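Here are some short exercises to work through with the model open beside you. Try each task before reading its solution.

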Amino acid sequence: MTQSAMLHISASGRLDADRVAAALQALQTSSPSYVLMASLDAARAHAAAPLLAGDGGGGGQTNGDGCFLDEPLRAAAVAREGLVKLHGVVLLASGDDEKSKESGDESGKEGGDSQGGSKDSGTGRQGGVCGGAAGGRAAPLMRWDPLRLTIGVWRLGVSGYAAAAALEARAGVVAELATPRCVVCALGPGSTTHDAERLVDAVRELSNKAREACGGGGGLAGDAARGGATGPAAAPPQLPPPVAVMTPREAFFSRTERTTASAAVGRVCAELLCPYPPGVPALIPGEVVSEQALAVLCTALAGGGAVTGAADSSLETLLVVLDEDSN
């Protein structure tokens, strides 16, 4: 179930189990939900047990030797094979995904652009991005989740947020995550090759509309060209090193006031402001509000993301510490 997970620690000794346990004590409750814990135990049992003969659920196996992830893995392979052939779509790929590399190379030749990831001379592994008209280079991927599809859409002239909204509205495909440049889709138990084909068809529609927009100014890319929020995101502003003048506790218990965002620059922040994605706080209580941090927050919000922790979700106003308390 959502909000439950298992943390596995390798026997290699790279991590100190006692130190991990101590860190978890800061996050875990002393009264965990037994419903959530039971769901973890059920998931473990399901993963360990072979499928029953003739059981078509959870993977479509017809014998007792199959794994419940066989069908989702086949679906992921079908999706990757289809996605890398689409014009303007960039797919994060593993160096071990030979089909993806071959398909990406072929579509790249058609588009007159070299494809595939970079090769690391030290390891001999190849990985990165691939796909029609993808281009670009990336460092080798040493570990990845084959059931997670990271689909770059910036070459389609749309943001990841707009693409995710279009996929859901037009095809009922719900992305796990959207970023300014990508859409992430996750497969799992119950995912089938039919689901994968539906995903590919939906992304193909986006790709075709982007091609049409290049000539006719319509579709999602046309909206982007007219300055709409669906346009591809530029490089996001970078956060400067934080300047903390108070501890989070001091700022939290200080007297505060609400002021306009522009007037908050240079003041001490009194709320935790976290743009999602990526889910990393841009400001925490006790830090000085900078123009760069404010730009990061506003860029995330304008691009279709969210900012958690803000009492004013529009970010027109921010909560700051009274000047006399911050000195």
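A salt bridge here is a side-chain nitrogen of Lys or Arg within 4 Å of a carboxyl oxygen of Asp or Glu. Keep in mind that you are looking at a predicted model.

**Exercise 1. Pairs in helix H6**

Task: Find the salt-bridge partner of Asp195, and state how far apart the N and O atoms are.

Solution:
- Step 1. The side chain of Asp195 meets that of Arg198, with 3.7 Å from N to O. That value passes the test, because the cut-off is 4 Å.
- Step 2. Look at the spacing: Asp195 and Arg198 are 3 residues apart in helix H6, so about one helical turn separates them.
- Step 3. Check the surroundings. Asp195 is partly exposed at 27% relative accessibility, and Arg198 is partly exposed at 33%.
- Step 4. Now try Asp201, which forms a salt bridge with Arg204, the closest N and O atoms being 2.7 Å apart. These two are also residues of helix H6, 3 residues apart and thus about one helical turn from each other.

**Exercise 2. A pair in helix H2, and a network**

Task: Which residue forms a salt bridge with Asp41, and how many salt bridges does the structure hold?

Solution:
- Step 1. Arg44 is the partner of Asp41, with the closest N and O atoms 3.2 Å apart.
- Step 2. Both sit in helix H2 (residues 34–48), where a spacing of 3 residues puts about one helical turn between Asp41 and Arg44.
- Step 3. Asp41 is partly exposed, at 44% relative accessibility, and Arg44 is partly exposed at 43%.
- Step 4. The count for the structure is 7 salt bridges. Look as well for the network of salt bridges that links Glu257, Arg267 and Asp323.

**Exercise 3. The largest nonpolar core**

Task: Which helix gives the most residues to the largest nonpolar core?

Solution:
- Step 1. This core has 31 residues, and the members touching the most others are Leu83, Leu149, Ile151 and Leu199.
- Step 2. At least two residues each come from helix H3 (70–83), strand E4 (148–152), helix H5 (160–171), strand E6 (182–186) and helix H6 (193–216). H6 gives the most, with 7 residues.
- Step 3. Zoom in on Leu149. Leaving aside residues up to four places away in sequence, its contacts include Ala76, Leu83, Val184 and Leu199.
- Step 4. Another core lies apart from this one; it has 16 residues, among them Cys269, Leu283, Val307 and Ala310.

**Exercise 4. Backbone surprises**

Task: Where are the residues Gln3 and Leu315, and is each one buried or exposed?

Solution:
- Step 1. Start from the usual case: most residues other than glycine have a negative phi, and most peptide bonds are trans.
- Step 2. Gln3 has a positive phi of about 75 degrees. The residue lies in the segment before helix H1 (17–25) and is exposed, with a relative accessible area of 73%.
- Step 3. Leu315 also has a positive phi, near 65 degrees. Leu315 is in the loop between strand E9 (306–308) and strand E10 (317–321), and is buried at 3%.
- Step 4. Turn to the peptide bonds. A cis bond joins Tyr276 and Pro277, with omega about -10 degrees, and another cis bond joins Pro277 and Pro278, with omega about 10 degrees. Pro277 is in the loop between strand E8 (274–276) and helix H10 (291–302), and Pro278 lies in the loop between E8 and H10.

Key. Residues are numbered from 1 along each chain as its sequence is written. This is a predicted model: local features need pLDDT of at least 70, side-chain atom pairs count only at pLDDT 80 or more; totals for chains, interfaces and linings use all residues. Side-chain values use heavy atoms; hydrogens and water are left out. A nonpolar core is a set of buried Ala, Val, Leu, Ile, Met, Phe, Trp, Tyr and Cys residues joined through side-chain atoms within 4.5 Å. Buried means under 20% relative accessible area, exposed over 50%, partly exposed in between (1.4 Å probe, protein chains only). Helices (H or I, at least four residues) and strands (E, at least two) are DSSP runs, numbered from the N terminus. Contact means heavy atoms within 4.5 Å.
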